[in-house]
Amino acid sequence: MKNLAEILMPYKTIAIAGMAKNVGKTTTLNHMIQGFASNGITLGLTSIGLDGEETDQVTATPKPRIFVPSSTIIATAEKLLTKRELGINDAARKILSVMDGISTPLGRIVVAHTLSGGYVMLAGPSMVSQIADVAQTLQNMGATKVIVDGAVGRKSLAVPHVAEAVVLATGAALSSSMDEVITQTKHTAELFNLPFVGAALCRPPSDDETHIQGAVTEKKLDNLRGKHIIAEDPSKILISPKALAKLRLSGGSISVKNRSNLVAITINPTSPYGMGFDPVLFLERMQQSVDIPVYNIGGALC
């Protein structure tokens with residue numbers, strides 16, 4: 001099996017999504033950065049939330065920091081560029097652009113070019129449309145590959161106009177039950193890669209089709225048994241594995257107008273909450289549950 005960097009090489013924009021906090025999303029990001037940098041690729045980095053801090057602001061648990069090589073192009077909130085924790089002083093980075101039209105609680109988005117390696121903190125806009133604009137700006141500034149570090153649960157990053165490929169991080173921090181982690185991750189992977197209806201939407205819907213604008217909830221499905229549901233994209237589908245199975249047993253199904261492209265899953269068998277899984281068994285079972293590559297982020301990833 002190819003390593004993660006090789007699988008991601010064809011894609012210009014890549015999003016990382018996390019099933020929960022502390023499942024290894026930042027560690028996955030660091031591995032991807034290292035893998036691409038070793039291939040001489042000029043990276044562009046941004047985030048839909050705050051990442052790179054030493055301690056998680058919600059769980060108060062230690063976090064891995066984000067280390068970037070020189071010649072990386074980052075888009076982050078302007079107030080973070082003055083923080084000492086950034087690890088890159090004024091002489092080691094160059095401001096390329098200030099995106100006045102995109103603001104965050106930590107200030108405007110600033111695009112900077114690193115002149116030496118160091119740690120960075122990333123904070124980008126929360127709106128998906130703005131993230132797409134930031135990613136395009138990073139490419140315009142010279143990044144040949146852009147990584148968007150996603151917030152937990154933000155499946156909306158997976159839509160094609162934001163990211164050509166998605167990596168999903170999961171792990172023991174999601175649940176103390178390995179069965180539950182595998183069930184939830186498999187379900188999310190299935191939603192990411194639901195069938196794409198595409199040009200078929202140009203024709204009138206048939207009697208057994210229902211197009212749903214906005215969220216697809218379990219309550220809405222109660223009256224649509226046996227129907228073929230067409231959702232806008234995977235981020236709008238808010239149903240459990242049991243609800244999806246029930247719909248299919250009734251003869252129904254779900255497709256999406258905008259399909260994502262989940263290309264890999266990374267797993268973290270450890271948890272800061274004190275529980276953990278056998279890494280070999282966890283990897284084997286996850287690989288058996290999905291039809292895309294799975295990597296243990298504690299092993300050789302890139």
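Let me begin with the salt bridges, of which this structure holds seven, and please keep in mind throughout that what we are looking at is a predicted model.

Take Asp149 and Lys25, which form a salt bridge whose closest N and O atoms are 3.0 Å apart. This pair links distant parts of the chain, since Asp149 sits in strand β10 (residues 145–152) and Lys25 in helix α2 (residues 25–37), 124 residues apart. Asp149 is buried, and Lys25 is buried as well.

Now to helix α4, where Asp179 meets Arg285 in a salt bridge, at 2.7 Å from N to O. Asp179 lies in helix α4 (residues 178–192) while Arg285 belongs to helix α7 (residues 279–289), and so the pair ties together parts that are 106 residues apart in sequence. Asp179 is partly exposed, with a relative accessible area of 44%, and Arg285 also counts as partly exposed, at 29%.

Helix α4 also carries Glu190, whose side chain meets that of Arg248 in a salt bridge, at 2.4 Å from N to O. Because Arg248 lies in helix α6 (residues 241–249), this pair ties together parts that are 58 residues apart in sequence. Glu190 has a relative accessible area of 30%, which makes it partly exposed, and Arg248, at 38%, is partly exposed too.

There is also a network of salt bridges, in which Glu78, Asp100 and Arg108 are linked.

Finally, a word on Asn258, which is found in the loop between β16 (253–256) and β17 (262–268). Asn258 is partly exposed, at 37% relative accessible area, and its C-alpha atom is separated by 9.9 Å from that of Asn193, a residue 65 positions away along the chain.

Note on methods. Residues are numbered from 1 along each chain as its sequence is written. This is a predicted model: local features need pLDDT of at least 70, side-chain atom pairs count only at pLDDT 80 or more; totals for chains, interfaces and linings use all residues. Side-chain values use heavy atoms; hydrogens and water are left out. Helices (H or I, at least four residues) and strands (E, at least two) are DSSP runs, numbered from the N terminus. Buried means under 20% relative accessible area, exposed over 50%, partly exposed in between (1.4 Å probe, protein chains only). A salt bridge is a side-chain nitrogen of Lys or Arg within 4 Å of a carboxyl oxygen of Asp or Glu.
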